[in-house]
Structure formats: C-alpha cells, structure tokens
Amino acid sequence: MGISGAGGCWARGGAAMEKYRQFGDGGTGANPFVPTWSHYKLSLPLRVLKVLVMLPVSAARLALFVVAVIWLAIVELVCSLIPIGIIRYPVYRLLTYFGCAAALFAVGVVPAGNCLADHRRLKIPPAKETGQVFDARRGSLVIANQQGFTDVLYLCMKLCPTFVFPASGGEPTQVSLLGALRTGRAGCLLLPHPSFCPPSFSSSFSSLLPPRPPPSFSSSSSPSSSSSSYSISFPSVILPPPPLGVKKAASCPTARAPSRPSPRRAGARRLGMPPEHPVQLKDISEKARASWGGPVVIFPEGARTNGSCVLAWKARSFDGVAVPDKPLDAALVALEILVFQDWCVHPAPHRGHSVPARLLALLPAVAHCEESVWLPAKDAAGATKGKPPAEQIALLRTVLARMLPGAVEVQVGADKHPEFMAYWDASQRKRYTNQKKA
C-alpha cells in the first residue's frame, strides 16, 4: 500500500532521518519503516476549526469501529458453528462484507477504484486471456504487501480470503480474520508460548512440546513386613525458554524470567520449538479449496512498511507452491491510499506502531480513498513459466515493487522491524522525532 497526496507534500521513506540509517537498505538508501514526513501545515484558524469539528466526529467514528469489530467477532463465532462449507462461506462473506465496510468507513477509508496492472510498466508479457480484477477463486494464491490492519479489512471485503502470515522462520501460518487484524498491528506473526496458555488453548500447541519420557517404576520392600511399596516418578521435561517480554508466572514453576528486557510492542514472540511437520502453503491452499475457505492471501514480507519498499521474502513461505517445471500460480495485489489534503492534513496511516496509535492517526482525517492494482494469476504464471523456484519468487517480488508507485526492492528483512519499533518508541519518549525541522 503506497501513500501519496496532493501537491507532493508527502515524502517517501528514502528521505529518512540519518539516525535511522541502521534500519535502512545499504544499496538503495531507502528505509522501509520510518514514517513519511509531511511538509504541509495548517494555519492556526484551520487547526482550531479542525479540533472543533473533527473531535466529535472522531468519537463517533471510534464507536462505529468498535461496533464493527464486535460484529466481525460475532460473525466468526456464529459461522464457525456451520459445518457445511458451501453454506457457511456465502453467509460468512455477506456478513463480513458489511462489517469490514463499516470498519473502513469508520476510519475514513473509502474504496475508490480497482484496475488491472499495466504490463508495459511491469515488463512482463500479457496473458492470452484478459483477466478480471479480484478474479481469484477459492484456494488460489494471492500475494499482497502489508502495512496494517486496513489492508486486512479491505482484502476481506473484496475477497473474503484465508489469511496467511509468515512466522519468524518463514513458515506460513493460517490465521482468522481477527487474528489477521491483531497480527497486522505488530507487523509480524504472534505465536503464544505453550507454557503461558490456558489448557484449552495450549492443547493445539501440544505438537510443539518435546516428547515426555516414560515414567519409571521403583519398588521397595521392608524386611520386617511382607508388603512392598511402589513409587512412580516422572522425569522432568525441560521446556523451551519463554518468549522475550513475558513475565514469570507465579502458577507456572517452569517459567523463567527473560534474561533481557524487551518492549512488549517491539515485535512478535518467536516460536520456542518448531513443529516436526510444518504446514506448507500448498496444504493451506488445498484445505481452503476443499472447505470453501476462499482465496489464500499471504503477506510474504512478514512486517509492515511505509509503502516505499518491498521487503525481502523468505523462500520457506512458498514451500509446496514454488516447485521446478511449474509456474507459480499466484495473483498479485498492490494497494495505495490517496490523502485528501485540500480538506485536512492527514498523518500517514502507518505512523503508529499499534492499533490505538494508528486509529488516532486515521480518525481525525476527513477522508482518504484506497485504490488497488491487480495482476491476475494467469499473467504471473506466464511470466514465471520455465524458471526455477528461486527465480520465480524473485520475479514476483520485483513485479510487486513495480506495481507500487515509487517503490523499490530492499534487502532488509522483517527481522529488523522489532528492533526499529523498539528504537522508534524510545525516540518518541525522548521527543527526538517531535523536534521542529530547521
């Protein structure tokens, strides 16, 4: 999702401040995480008018957003009780459409238009048959860039897909709609640790724990008595260390305090022990096709950006779909937000690193529209035909960067995003970024 505005008032992430150079790309000089800077300022009368008018509007918008999220939670709960997929999916798509549309309207995002990608700009040959915008079928793969929870709401309204986020190691992990909204706030996948979950929740992570050794039996008999006593001892199981930033639980004797402090919003919790048989993207796609789960939307970057770059992808995220002698059949979608600065100055939607901060940046703005550029799967398959898997993934990443106006490919990965968030929060507390520019 790119950010642009009238009059060229919005600066790209390439003009980032020198203090954040360590998180930028050495080759292009672009920084994918630093929020964009606006040189447009309102006069004092307009600021007063904005506060008087937009303050009650923002309160009403916030109430509508909360109601929409509650609606989506109820819809997920009710539709999960419908066992037949052919009945569940149409009902789920209809109800989530209204919920996502209401949530986007609450934050001032209005869908403006959809168009097909220009093949001359992407430098790929067009397919023989012209595709349609958002023509993805159930189980088909859709690759998108990631910038926050508004991407999830928009794509859910258009496609009603199955969302997939890469874990810290690149493993694709399927999440629900609410899980995608929570994941979009932190930038990368949050995986809870089994030792800090309730029994009903941690049972799904039982495969992540090491196997428990069998119990040992010992018997002892007394010389003065003919009876014998038996005791059963269970060997202790050494659990993986808890994720950083989680405090020691009093009711869990095996929990250990983290060895070093880590901000709670500084990134995702890393998986303590990977499963023996990780799920591949191909398995998620086949399951969505069989159970009427809609298309499969994956955010391969693994972290949010400011719209000026496309982060490095991990090949492990495409295990099972990127294979030799077969093109990677996946559609690409790029989203762009247009800010109406003639009415009101709107901070960048990705300026905050949490849902409350992003809401505070979105709610006071009058309006902003969102446009999408779609590349059908047939065109992407024709471009990747006859290439090895590594070149297929690299080509699709290049094409996605060309679909975003002014975006470049960077060698920065999602691993730097937690460090940047911690550094950014510390800088905000010290008011470094709030100083006036000379």
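In this predicted model, the buried residues of helix 4 are F149, T150, D151, V152, L153, Y154, L155, C156 and M157. Because nine of its ten residues are buried, helix 4 is largely enclosed by the rest of the structure. The residue C160, which follows helix 4, has a positive phi near 50°.

Helix 4 (149-158) is also one of the elements that build the largest nonpolar core. This core has 42 residues, and those with the most contacts inside it are L153, L155 and F163. Two or more residues each come from helix 1 (44-79), helix 2, strand 3 (141-144), helix 4, strand 4, helix 5 (177-186), strand 10 (330-339) and helix 8 (355-362). Helix 4 supplies the largest share, seven residues. Apart from residues up to four places away in sequence, L153 touches F65, L72, C100, A103, L104 and L181. A second core, separate from the first, has 31 residues and includes I143, V296, A383 and I393.

Three of the residues touched by L153, namely C100, A103 and L104, are also listed among the buried residues of helix 2. The others buried in helix 2 are G85, Y89, Y92, T96, G99 and A106. Helix 2 runs over residues 85-106, and its 22 residues reach 31 Å from the first C-alpha to the last, close to the 32 Å expected at 1.5 Å a residue. After helix 2 comes G108, with a positive phi near 85°.

The unreviewed UniProt entry annotates residues 62-87 and 94-113 as "transmembrane region". The table gives the computed secondary structure and end-to-end C-alpha distance for each range.

| Residues | Helix | Strand | Distance between end C-alpha atoms |
|---|---|---|---|
| 62-87 | 81% helix | 0% strand | 33 Å |
| 94-113 | 65% helix | 25% strand | 21 Å |

Strand 4 (residues 162-166) and strand 5 (residues 172-175) form an antiparallel pair with four bridges. Within this pair, V164 stands opposite Q174 of strand 5. Five residues lie between the strands of this hairpin, and G170 there has a positive phi near 95°. E171 also lies in the loop between strand 4 and strand 5.

Is E171 buried or exposed? Its relative accessible area is 15%, under the 20% limit, so E171 counts as buried. The E171 side chain reaches the backbone nitrogen of G169 at 3.4 Å. Leaving aside neighbours within four places in sequence, E171 is in contact with F165, P166 and R316.

L116 belongs to strand 2 (residues 109-116). With 33% relative accessibility, L116 counts as partly exposed, because that class lies between the 20% and 50% limits. Outside the neighbours within four places in sequence, L116 is in contact with T130, G131, Q132, V133, V373, W374 and P376. The C-alpha atoms of L116 and V333 are separated by 9.4 Å, although these residues are 217 residues apart along the chain.

Notes
Residues numbered from 1 in each chain as written. Predicted model: local features only at pLDDT ≥ 70, side-chain atom pairs only at ≥ 80, totals over all residues. Heavy atoms only, no water. Pairing = 2+ DSSP bridges. Expected span 1.5 Å × (residues − 1). Buried < 20%, exposed > 50% of the residue type's maximum accessible area, 1.4 Å probe, protein only. Core = buried A, V, L, I, M, F, W, Y, C linked by side-chain atoms within 4.5 Å. Contact = heavy atoms within 4.5 Å. Polar contact = N/O pair within 3.5 Å; in protein donor to acceptor, adjacent residues only side chain to side chain. UniProt positions renumbered as here; feature names shortened; annotations may be inferred.
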